[in-house]
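Please find below a short note on the model under review. The points move from the overall make-up to one sheet and then to one pair of helices.

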Amino acid sequence: MEGASANMDSKQNQNSDGGDPQIWTKDRAGDNGTVKPPGGEDTTDTVDHRYGWCGWKPDCLQKFNKPVWLLVCLGFYSFIQGLVVNGLINVVISTLEKRFDLPSRQTGLIASSYDIATATLVIFVSYYGGRGHKARWLAFGCMIFAVGAVIFGLPHFTTGLHENISGSLVCVTDESTEECVGSSLSNYFYVFVLSQVLHGIGNTPLYTIGVTLIDESVTVHQSALYLGIFYGLSAIGPGVGFIVGGSFLNIYTDTGLVDVDSLGLTPNDPGWIGAWWLGFIIGGVIAVLVAVPLFGFPSELPGTKEIRATKVDQAQQSKHNDHVSNPGFGDKLSDFPRAIKYLLKNPTFLCFLLLSCTEGFIVSGFSTFGPKLVETQFGLTAADASLLFGICAIPGAGFGTILGGYLVKRWKLKIRGMVKFSCITNICTMVAVMTMLVRCSQELVVGVNVDYEGNMTSIAGDRQLINDCNSNCGCTRKEFNPVCGDNGMEYFNPCFAGCTEGTEDAQHFSDCSCLELAPTNTSLTATAGKCGSDCGLLPMFLIGTVLLMTFQFLAVIPGLECVLRCVPESQRSLAVGVQWIFARMLGTIPGPIAFGAALDTSCILWQQDCTGAEGSCFLYSGSGIAWKFTLMGFSCVLVTLICFLLALWTYNGPADDEMDDETKEKKYKLDVDDDNRNVKLVSSSSQVGIVANESLPVSDDVFHDENDDDEKTSGNVDHDSRV
C-alpha cells in the first residue's frame with residue numbers, strides 16, 4: 001500500500017503544472033466520444049471509437065458499435081461470398097459452357113481465377129491492412145466483390161436473346177453435314193475471368209483482416225464462438241448457393257422477354273438454358289447493402305485495448321517476439337520480409353500452415369466434385385445431385401464449424417487442448433471418409449460397356465456405339481441424352497437407339513430399331529432418361545456425407561484459434577494471410593485439379609465434337625472413382641492428423657499458458673487506500689480507467705489518459721506504476 005502511494009505521488013509530480021494526476025472521466029451529458037480533464041475543457045480522444053459515416057455519428061447509432069453487430073455484418077459478407085463464389089459458380093459452369101460455347105478447360109480457369117487473385121494479394125493485404133483501418137478495408141473489399149458479382153451477370157444483358165440451336169435427337173436417314181463454326185460469344189470468357197479476379201480482390205480482406213478484427217474485439221473464449229458463427233455462415237453459403245442456383249436454372253434465361261411455352265422446351269431439354277445470371281445480380285445488390293454498415297465501424301471497437309490487455313499471451317516463445325511487438329515495427333517496407341521470416345521460424349505455426357493445405361485440398365476437391373460423385377454413383381440427374389449435396393453440406397459444414405467454436409468456448413480450451421480436440425475429430429474424419437466407397441452398381445450403356453445383344457464388354461468406342469441398326473442415322477457423340485428402352489437397356493441417345501419418331505417434348509420415342517437386337521420382348525419404344533436402379537444405398541451415403549462434413553469442419557475453428565494464439569498479436573493478420581496463401585497455392589487450387597484428374601482417369605466414354613476432338617466425360621467407372629476419392633481423402637486427413645501431433649510436440653508456450661482469463665483479469669482490479677483517498681481500477685465490458693473514488697460518475701463509466709494505453713497494450717501491466 002505504501003509503495004502504491006509513493007508511486008502515485010511520483011506520477012503526480014511528473015505533471016508539468018504540479019496539479020492532480022491526469023485522470024479523465026466520460027462526459028456524463030452523453031457518449032460523445034470526448035474526454036474531460038478534471039480542470040477544464042473537453043479534449044477529443046486521439047482515436048475515434050464512435051460508429052457513423054463522414055462525421056455523422058449520433059448517439060442513436062452507438063448501439064450498433066458492438067462486436068455482435070460487427071459479427072452480423074461480417075457474417076452476411078462471408079455468407080454471400082460463399083453463396084456466389086463457392087455455390088452459384090459451381091452450379092452454372094455447365095450452363096456457361098452451353099450458352100457461351102466454352103470448353104471445359106476455360107471454365108476450369110474461370111473457377112481458378114478467384115483463388116489465383118486471392119493468393120497474389122493476400123499477404124500484402126493482410127500485412128498492411130492489418131495495421132490500418134480494418135473495417136474500412138473490409139468495406140471497400142465488399143464493394144469490389146459486389147462489382148465483380150454484377151459483372152459476372154452482365155453478359156446476359158449484352159448478348160441478346162438465346163437461340164435454341166439443338167439439332168434433332170432421333171435417327172435421320174437423310175445425310176446432312178454438320179457445320180463446325182466458332183462463336184463470338186466465347187470471348188465472354190475474359191469477362192468471367194475479370195469478374196472472378198474482382199471477387200478474389202474483394203474477398204482477400206475477409207478471411208484475414210476480418211478474422212483478426214473479430215478476434216481482437218472480444219475475449220479469447222468469445223472469439224472461438226464468434227469465429228465459429230462467422231465461418232459457419234461461410235460454410236452454409238455454398239450449400240444455399242447450390243439450392244438457389246439449381247432453382248434459378250429451372251427458370252428460362254430470357255423469361256419475361258419470350259413466350260417460353262411457344263419454344264416447346266422444358267428444363268430437361270438439352271437446348272434449355274436456365275437463368276444462370278439471376279443469382280449474381282442479387283448477390284451483388286446484397287453485397288452493397290452489407291458494405292454500407294461496414295463503412296460505419298471505427299478502426300477499433302470501444303474497449304478493444306482493454307480486452308487486449310487482459311488476454312493471456314500464448315504465443316510460441318521466441319527471441320523475435322519482442323522485436324515484432326515493437327510499435328515501430330512494420331512502418332518500413334524493409335520490415336515486411338523480416339516479418340515473414342520470423343513467422344516461418346515458428347515451428348508450431350509451420351505445422352498449422354501445412355495442415356491448412358491438406359484441409360483445403362480435400363475440402364475444395366470434395367465440394368467441387370461432390371455433386372458429380374453423387375450423380376455418377378447413384379444415377380441421379382445433375383440437378384437432383386446438386387440439391388442433395390447442398391442439403392448435406394448445409395447441416396454438415398455449418399453445424400460442424402459453429403459447434404467447434406462453441407466447444408472451444410464452452411471448455412475454455414487453450415492451444416494444447418484445441419490441438420488434442422482436433423486430433424480426435426480427425427480420427428473420426430478418417431473413418432467417415434470410407435463413406436465414399438458406398439455406391440450403386442455400375443451404370444450400363446449399350447455400346448459402351450454392354451453390346452447391343454446385352455453381353456458385357458470392357459471396350460468402349462465408336463466400333464461399339466455404331467451398329468448396323470444405326471449406321472445410317474448420322475449419330476454423333478456430341479450430346480449425351482440417354483434413353484431407357486422398354487427392354488430395360490439404356491442407350492446413349494435416341495439416335496443410337498435407332499429411334500425415328502419422337503414426341504414434341506422429347507420425352508418419348510418410338511420405332512427404335514436397335515431395341516429388337518436384345519433377347520427380350522420389346523415394342524421398340526424408349527423413354528428419355530437413364531434406366532437407373534434404386535439400390536437403396538443413397539440414404540446411407542448421404543448420412544455418411546453429413547458426418548464427414550461435420551467431423552471435417554469441427555476442427556476449423558480450433559485450428560484457426562491456434563494460428564491466432566501461437567504468434568504475437570502484432571503478427572496475427574500476417575499469420576492468417578500467410579496461412580491463406582499457402583492453403584490456396586498448395587490446397588484449394590490443386591485440390592479440384594487433382595480430384596478432376598482422378599475423375600478423368602476413371603472415364604470410360606468421352607464427348608466427341610464434330611471435329612473429332614474429345615470434350616467432357618459422359619460415363620465414369622464407379623469403382624474407380626470410389627477408390628481414388630477415398631484414398632486421396634484418407635491420405636489428406638492422415639497428413640492433417642500428423643501435423644496436429646507435430647504441432648502439439650513443437651509448441652512451447654509461455655509459463656502462464658494455463659492461466660485463465662478471469663484469473664488474469666483479477667490482476668487489474670486494485671483497491672488502494674492512501675490518506676483516506678481510494679484509487680480503483682474500474683473495468684466494464686468496454687471501458688477501463690483509474691479514477692478517484694469521489695470522481696466516479698453515477699454510471700461508473702470512466703476513461704484514463706490516452707498516454708497510458710501503451711503500458712497496457714502489451715498485457716503485462718505493472719500495478720504500482722499504473723497507480
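1. The secondary structure of this predicted model comprises 25 helices and 13 strands.

2. As regards burial and surface, 52% of the 723 residues of the protein count as buried. The accessible surface amounts to about 31,700 Å², and carbon and sulfur atoms account for 58% of that area.

3. Contacts were also examined by separation along the chain. Of those between residues at least 6 apart in sequence, 75% link residues that are at least 24 apart.

4. One element that merits attention is an open sheet of five strands, in which the pairing is antiparallel and the order reads β5-β4-β8-β7-β6. Its edges are formed by β5 (490-491) and β6 (501-502); each has a single partner strand, so one side of each lacks a neighbour in the sheet.

5. At the β5 edge, the partner is β4, which covers residues 483-485 and runs antiparallel to β5, with two bridges joining the pair. Within this pairing, C484 lies opposite E490 of β5.

6. How do helices α14 and α22 cross, and at what angle? Helix α14 spans residues 347-378 and helix α22 spans residues 622-650; their axes come within 9 Å and cross at roughly 160 degrees. Because angles over 145 degrees count as roughly antiparallel, α14 is described as roughly antiparallel to α22. The crossing of α14 past α22 is left-handed.

Methods: Residues are numbered from 1 along each chain as its sequence is written. This is a predicted model: local features need pLDDT of at least 70, side-chain atom pairs count only at pLDDT 80 or more; totals for chains, interfaces and linings use all residues. Side-chain values use heavy atoms; hydrogens and water are left out. Two strands pair if DSSP finds at least two bridges between them. Helices (H or I, at least four residues) and strands (E, at least two) are DSSP runs, numbered from the N terminus. Buried means under 20% relative accessible area, exposed over 50%, partly exposed in between (1.4 Å probe, protein chains only). Contact means heavy atoms within 4.5 Å. Accessible areas come from the Shrake-Rupley method with a 1.4 Å probe; for residues, only the protein chains shown count as cover. Axes are lines fitted to C-alpha atoms, for helices over the stretch in contact, and angles run from 0 to 180 degrees between N-to-C directions. Angles under 35 degrees count as roughly parallel, over 145 as roughly antiparallel, 65 to 115 as roughly perpendicular and the rest as oblique. A crossing is left-handed if the near helix is turned anticlockwise from the far one by less than a right angle, and right-handed if clockwise.
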